[in-house]
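Please look at the sequence and the 3D structure shown here before reading on. The report is meant to be read with both at hand.

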Amino acid sequence: MTARILLLGGTGDALAIARTLGAPHIYSLAGLGRVPADLACAVRVGGFGGALGLARFLAEEDIALVLDATHPYAAQISANAARACEAAHVPYWALRRAPWQPQPGDDWRMVNGWAGVIEALAPFARPLFTLGREPLAHLDEVPERQHWTIRCLDAHPGHARARVIDARGPFTPEGERKLFTEACIDVVVSKNSGGAATEAKLAVAREMGLPVVMMRRPPLPDAQREFASAQQAIDALANDIQRSLNA
Ligand code: NAP
């Protein structure tokens with residue numbers, strides 16, 4: 001029997017890996033975004049109930065390997081997965097997408113967490129937030145002299161001094177240029193997610209001489225094996241599955 005893989009997802013990379021997995025394997029999503037209905041592997045949705053719940057799940061489902069392909073800022077599930085794997089003696093592999101690197105001409109202002117973002121934005125009037133849904137929880141805190149443009153996956157009514165745009169990448173330089181100009185953006189707020197799908201905003205910020213307030217990545221647990229791309233992880237999994245079939 002093929003050793004069962006639990007793939008932790010919620011990213012485009014994870015979906016690419018999930019598409020290569022067959023019936024015995026499980027793709028797990030938190031349940032905030034779209035749930036694919038066309039995969040050969042099983043799909044489960046929702047939290048496990050912390051590290052303990054996940055450790056229980058690993059034992060009950062006879063999982064032989066966990067591949068964490070969650071977003072680099074989804075620190076809680078990664079910490080839980082590392083702890084659960086250690087407790088259950090299951091190998092913990094992780095896909096760590098390479099972060100973007102500042103290019104000549106970039107003006108990146110590195111910050112930690114939401115408080116750091118707000119402090120760094122003090123001199124600006126028209127920020128574009130590309131952090132996901134976090135700014136939606138702070139709509140009542142938009143400073144008098146600022147107008148926020150918030151791009152995230154959720155449709156949301158917005159606020160007198162905030163506009164919410166629900167959009168899903170990939171984004172193009174042409175599209176970003178148009179948005180930055182129309183919304184009179186004077187600073188971009190970003191996570192250092194890495195990958196090509198949402199990178200155009202950085203090139204356009206550079207081109208237009210706009211600063212980028214960049215949230216630092218959270219520290220992530222050590223993994224037995226780390227991959228920098230979905231393809232690397234797919235190749236490693238294919239080898240591992242083949243080995244377990246031959247065993
Ligand atoms: P998080 O803070 O690390 O996790 C919060 C809780 O959500 C976890 O403790 C876990 O609940 C549950 N969870 C998260 N990912 C899960 C998964 N793949 N399968 C089952 N349960 C999961 O995560 P987050 O930042 O809220 O992100 C949620 C999801 O969105 C992640 O899957 C992530 O890959 C994706 N995402 C996040 C970002 C981002 O910027 N944070 C961006 C794009 C996509 P229990 O403790 O109950 O198990």
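The sections below describe the domains, the sheet in each of two stretches of the chain, and the contact between the domains.

## Two domains

This is a predicted model, and the protein in it is divided into domain 1, made of residues 4-97 together with 219-246, and domain 2, which covers 108-215. The centres of domain 1 and domain 2, taken over C-alpha atoms, are separated by 30 Å.

## The sheet that begins with strand 3

One open sheet has 6 strands in the order 3-2-1-4-5-12, and the pairing in this sheet is parallel. Strand 3 (42-45) and strand 12 (225-227) stand at its edges with a single partner strand each, so one side of each has no neighbour in the sheet. On average, neighbouring strands of this sheet are turned by 20 degrees against each other, if direction is ignored.

Within this sheet, strand 1 (residues 4-8) pairs with strand 4 (residues 63-68) in the parallel sense over 5 bridges, and Ile5 stands opposite Leu65 in strand 4. Helix 3, which spans residues 75-88, lies across strand 1, strand 4 and strand 5 (92-95), and it runs at about 155 degrees to strand 5.

## The sheet that begins with strand 6

Another open sheet is formed by 6 strands in the order 6-11-10-7-8-9, again with parallel pairing. Its edges are held by strand 6 (108-111) and strand 9 (162-166), each of which has a single partner strand, so one side of each is left without a neighbour in the sheet. Neighbouring strands here are turned against each other by 20 degrees on average, direction ignored.

Strand 7 (residues 127-130) and strand 10 (residues 187-191) pair in the parallel sense over 4 bridges, and Phe129 stands opposite Val189 in strand 10. Helix 4 (residues 113-120) lies across strand 6, strand 7, strand 8 (148-152), strand 10 and strand 11 (212-215), and it runs at about 170 degrees to strand 11.

## Where the domains meet

How many residues of each domain are in contact with the other? In domain 1 there are 6 such residues, and they are in contact with 8 residues of domain 2. Between them, domain 1 and domain 2 bury about 630 Å², with 49% of this area on carbon and sulfur atoms. Of the area that domain 1 buries against domain 2, Arg34, Tyr73 and Arg97 supply 71%, which is more than any other three residues.

Across this interface the rule finds 0 salt bridges, whereas 5 residue pairs are counted in polar contact between domain 1 and domain 2, with both residues at pLDDT 80 or more.

Methods. Residues numbered from 1 in each chain as written. Predicted model: local features only at pLDDT ≥ 70, side-chain atom pairs only at ≥ 80, totals over all residues. Heavy atoms only, no water. Pairing = 2+ DSSP bridges. Helix = DSSP H or I, 4+ residues; strand = E, 2+ residues; numbered from the N terminus. Axes fitted to C-alpha atoms, helices over the stretch in contact; angles between N-to-C directions. Contact = heavy atoms within 4.5 Å. Domains from an automatic or database assignment. Buried area = accessible area lost by both parts, 1.4 Å probe. Salt bridge = Lys/Arg side-chain N within 4 Å of Asp/Glu carboxyl O. Polar contact = N/O pair within 3.5 Å; in protein donor to acceptor, adjacent residues only side chain to side chain.
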